[in-house]
Structures are given as structure tokens and as C-alpha cells.
Amino acid sequence: MGFLEKFRQFMIGRYGFDTLSGFLLVLSVLLWLVNVFVWNHIASLVLLAIEMGLVALVVFRALSRNINMRALENRRFKKVYDPASKWVRLQIKKFRERKDYKYLKCPSCKAQLRVRNQKGDHGVRCPKCGNNFRVKI
């Protein structure tokens, strides 16, 4: 029996890795990078303690047998994380497409609309609510 098989057997009935654990791990790496540039010894030790605490929390969550509680924690985290990551992805997309498209909000339903970035007065129809309105670009 190889190592991977033994590890798989060990992890049966344990929670494993999820979105919250990944976020905590990335946060600990970012704190480690910040800690590289901190010259104050006490502040560096505090950051190191926080980093180690986050890594310990990730390991605790992965090895936990209380699957329902860990899943509940992840669901609560995702209620905040998913809209925030969706907003960040939209901002990145807007920046990449800034030369070709302009992003607008529908005046009636506030849906995000993407229109060609061509100068002039344009008629726009919202696909969500069907509202027609004029836009000057």
C-alpha cells in the first residue's frame, strides 16, 4: 500500500480543503510577503503568529470530522466571498475591454449592460427588463 493510498484512507470521514481554507492559506502567504518587509521585531513576531494561526486553522479545518460545522462555515464565507469575487472579476473585465466596450446600468432594473464604444447617440434595449433608452457615448 503506497503513501497516497494510506493518505486517502486517513482522510476518509474528514472535511478536507474548501474555498474558506484556500482563502485563509492565500491570506497567510500574503501576510508572509508583508512580513518580509517589516523591520520592527515585535511587529514581525505578531505577523508570524497570525500566519501560523491561519495555517493551523487550515490544517484543523481539513482534518476535522465535524463536516456539518465546516460546511456551514464555508457557506457563510461564500455569501460574502462570491459577490466580492464577482465584482472584482467584472472590474478586471471592464479594464481589459475599456477600449472596445462601455459598461452601463439600465435605468429601470440596474442590470449591467455592455455596449460598443462608438461615438454618437445610441438606442439601447435592456435584455433583462426590455426597457429602451438612449445613451450618448
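Tutor: A residue is called buried when its relative accessible area is under 20%, and exposed when that area is over 50%. Keep those cut-offs in mind as we look at this predicted model.

Student: Why is Ser-64 called buried or exposed?

Tutor: Ser-64 has a relative accessible area of 7%. The cut-off for buried is under 20%, so Ser-64 counts as buried. You will find Ser-64 in the loop between α3 and α4.

Student: What does Ser-64 touch, leaving out residues up to four places away in sequence?

Tutor: Ser-64 touches Gly-13, Arg-14, Tyr-15 and Arg-70. A polar atom of the Ser-64 side chain also lies 3.1 Å from the backbone nitrogen of Asn-66. A polar contact needs a pair of N or O atoms within 3.5 Å, and 3.1 Å meets that distance.

Student: Which elements make up the chain, and in what order do they run?

Tutor: The chain has four helices and four strands. From the N terminus on, the order is α-α-α-α-β-β-β-β.

Student: What makes the chain more spread out than a compact globule?

Tutor: Set two values side by side: the radius of gyration is 23 Å, while the globule rule gives 14 Å for 137 residues. The chain's value is well over the rule's, so the chain is more spread out than a compact globule. Its C-alpha atoms fill a box of roughly 65 × 45 × 30 Å along the principal axes. Buried residues make up 26% of the 137 residues.

Student: How does the span of helix α3 compare with the span expected?

Tutor: Helix α3, residues 41-63, has 23 residues and reaches 33 Å from its first C-alpha to its last. At 1.5 Å a residue, 33 Å is expected, and the helix is close to that. At its N-terminal end, Asn-40 acts as a cap, with a side-chain oxygen 3.1 Å from the backbone nitrogen of Ile-42.

Student: Which residues of α3 are buried, and what do they pack against?

Tutor: They are Leu-47, Glu-51, Leu-54, Val-58, Arg-61 and Ala-62. These buried residues pack against α1 (3-11), α2 (19-36) and α4 (67-96).

Student: Which residues make up the largest nonpolar core?

Tutor: There are nine: Leu-104, Cys-106, Ala-111, Leu-113, Val-115, Val-124, Cys-126, Phe-133 and Val-135. Strands β2 (112-116) and β4 (132-136) are the elements that give two or more residues to this core. Apart from it lies another core of seven residues, among them Leu-20, Leu-24, Leu-54 and Val-58.

Student: How do you know that Cys-106 and Cys-129 are not bonded to each other?

Tutor: A disulfide needs two cysteine sulfur atoms within 2.5 Å. The sulfur of Cys-129 is the closest cysteine sulfur to that of Cys-106, yet it is 3.7 Å away, so the pair is too far apart for a bond. In fact, a search of the whole structure finds zero disulfides.

Student: Are those two cysteines buried, exposed or partly exposed?

Tutor: Cys-106 has 1% relative accessibility, so it counts as buried. Cys-129 has a relative accessible area of 38%, so it is called partly exposed.

Student: What makes the phi of Lys-110 worth a look?

Tutor: Most residues other than glycine have a negative phi. Lys-110 is not a glycine, although its phi is positive, about 65°. Lys-110 lies in the loop between β1 (101-105) and β2. With a relative accessible area of 54%, Lys-110 is exposed, because the cut-off for exposed is over 50%.

Definitions and conventions: Residues numbered from 1 in each chain as written. Predicted model: local features only at pLDDT ≥ 70, side-chain atom pairs only at ≥ 80, totals over all residues. Heavy atoms only, no water. Core = buried A, V, L, I, M, F, W, Y, C linked by side-chain atoms within 4.5 Å. Buried < 20%, exposed > 50% of the residue type's maximum accessible area, 1.4 Å probe, protein only. Expected span 1.5 Å × (residues − 1). Contact = heavy atoms within 4.5 Å. Polar contact = N/O pair within 3.5 Å; in protein donor to acceptor, adjacent residues only side chain to side chain. Rg over C-alpha atoms; globule rule 2.2 N^0.38 Å.
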